[in-house]
There are 2 protein chains.
Amino acid sequence: MTQTAPMRGVLAPVITPFSPDLRPDPARLIAHCRWLLAQDVGLAVFGTNSEANSLTVPEKLALIDALIEAGIPPSRMMPGTGCCAFPDTVALTRRAVQAGCGGVLMLPPFYYKGVSDDGLFRAFAEVIERVGDDRLRIYLYHIPPVSQVPISLGLIERLLARYPRTVAGIKDSSGDFGNTRAMLERFAPQGFAVFSGSETFLLATLRGGGAGCISATANVNPAAIAALARSFEAPDANERQAALDRVRAVFQRFHVIAALKGAVAQASGDEAWATLRPPLVALSAEQRRELASALDAIAFTMPGLPRARPTSEASVSTVSG
Amino acid sequence: MTQTAPMRGVLAPVITPFSPDLRPDPARLIAHCRWLLAQDVGLAVFGTNSEANSLTVPEKLALIDALIEAGIPPSRMMPGTGCCAFPDTVALTRRAVQAGCGGVLMLPPFYYKGVSDDGLFRAFAEVIERVGDDRLRIYLYHIPPVSQVPISLGLIERLLARYPRTVAGIKDSSGDFGNTRAMLERFAPQGFAVFSGSETFLLATLRGGGAGCISATANVNPAAIAALARSFEAPDANERQAALDRVRAVFQRFHVIAALKGAVAQASGDEAWATLRPPLVALSAEQRRELASALDAIAFTMPGLPRARPTSEASVSTVSG
């Protein structure tokens, strides 16, 4: 058996705050992470919705260090570490393992398209061998709509055969529950943790023996999503899934990352949250009004969200969730 | 008028040699660059066919330095500098400009798909403003089959309106000559340099007022491609284009990067060239035989290609093209 328990439940690809000159803002990130943890949501920092691929490797290494120094429990962290160049993936993965992170979420190298399963196997194997640490737990990141480089069932099978302890699970962001079901049926019985890529399929995934979900919307609706994950066998589960779906539908009417940041800016009174790094663009004022109005219409709130602080230069130790 | 003359003619996205443990090999790269220059082919190092996106930023910075230290003329270099995270693009572009490179070939940030022209404009503008150097000449890199992030005519127009000196041209790797023709008609008259993404459209591009081509196959067939670019108005131009097409067709029967490296390994007797970084995979022995046989059938040779050296550890100064 593995030494590290598989991760379960709900994780957020934590949105990344930026300063006005577009530097990552560790203090606000730490505060948001503390709020998510308080709602029982784990931290998939550096996911797609974290704008992770708009961050450099040194920026990500520094943010991992800042989170750890702030006392964020690494066991609840699953940083995204998959880059195009394998030495970058090795560097980020090694740091995450050394910090004690519960796992890493690993994109395949995503620039070259139409690559073979053999090539992808070698890419993951190269990283695993070079990190060379028994504590490493990889959650594969299957997100073909964005990466355009799918992780096939055959590739998973091959990776599990060679690295059964290290390859711990997958996030399926294909948007195709048929694919998630196939993964659940083939791999969950041997302890492989299948996360759906959004809470849309949370109930279905848990009923199929999955581990939970890693969802953008967990940045704004963490308590309700985590509650469903904890009690998915309760009689009101279907209704609660429907309630989650209504919230998600509002965000999906916009560019999701921009909408998440706009909603957090609105609810916290902290406009610094509204900034995105190019090529992504913040919601317009008109879109912000539409979003606020749509969220009001479903009586959506974010209780306990950290409020705006007078300055973004406050030291890490003064920030509390 | 600009201070730096626009780049013209034929450039190769120079293939990147690796050591057995997958480190970039500057000595072999320098030797190959010297051979290309001797055939009148410029150096688009860090292009798609260079496996640029499998290299880290520090690796690319070190290779730029090694090329310059080896005396490769920077005026003939157009390094690829476009990364997903704009600070990486800034760092590479700044180094290229400071080294005196004739231009840079810039991918848009390519992880996020379906981004707006507004977001892409901001991404390029952020880099241009932060590099803040009048010597910068950007050649945009339109390669939708791989990047999946196209550079539209509207975006080019907007960039040219704002940065007419800096935005110097484009490489069109769409594979759609209709798109190249539209770029030629709209932007070439104002001095915008349009390169086709392969020699397949070299003659058509030059006849339409374009600047030349930046082509994978220029790594292996540089002299003939450069000769056509120099004398495209000669009476035998169509026949020479057809001869180029026959060579290219052989490489296109395989994964092109693997085939280029296989052919260079074969012709140089230097098997070190056959290595690719994952997720790309070298040709199999069987594919290597097929490639060699197909190249023999069209009497293809690479005269003057640097031969294998006894050790890959030879110092840079002992390497000559």
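**Exercise 1.** Find where Glu51(B) lies in this predicted model, and decide whether Glu51(B) is buried or exposed.

*Solution.* Begin with the chain: Glu51(B) sits in the loop of chain B that runs between β2 (42–43) and α2 (57–69). Next, consider its backbone, where phi is positive, at about 55°, although the residue is not a glycine. Most residues other than glycine have a negative phi. Finally, count the neighbours: 25 other C-beta atoms lie within 10 Å of that of Glu51(B), and because a residue with 20 or more counts as buried, Glu51(B) is buried.

**Exercise 2.** Work out which peptide bond of chain A, among those ending at Pro279(A), is cis, and where Pro279(A) lies.

*Solution.* The bond from Pro278(A) to Pro279(A) is cis, with omega near 15°, and Pro279(A) belongs to the loop between α11 (256–268) and α12 (285–297) of chain A. In chain B, a cis peptide bond likewise joins Pro278(B) and Pro279(B), with omega about 15°.

**Exercise 3.** Describe how chains A and B are related, and which residues of chain A meet chain B by class.

*Solution.* First, superpose the copies: a turn of 180° with a shift of 0.0 Å along the axis lays chain A on chain B with an RMSD of 0.0 Å, so the two copies are related as by a two-fold rotation axis. The same surface serves both copies, since 100% of the contact residues of chain A recur in chain B. Then turn to the contact, in which 30 residues of chain A meet 30 residues of chain B. The largest share of chain A's side, 6 residues, comes from α4(A). By class, that side has 18 nonpolar, 6 polar and 6 charged residues.

How values were computed: Residues numbered from 1 in each chain as written. Chains lettered and ligands numbered in written order. Predicted model: local features only at pLDDT ≥ 70, side-chain atom pairs only at ≥ 80, totals over all residues. Contact = placed C-beta atoms within 7 Å. Helix = DSSP H or I, 4+ residues; strand = E, 2+ residues; numbered from the N terminus. Nonpolar A, V, L, I, M, F, W, Y, C, P; charged D, E, K, R; others polar. Least-squares fit on C-alpha atoms with pLDDT ≥ 70 in both.
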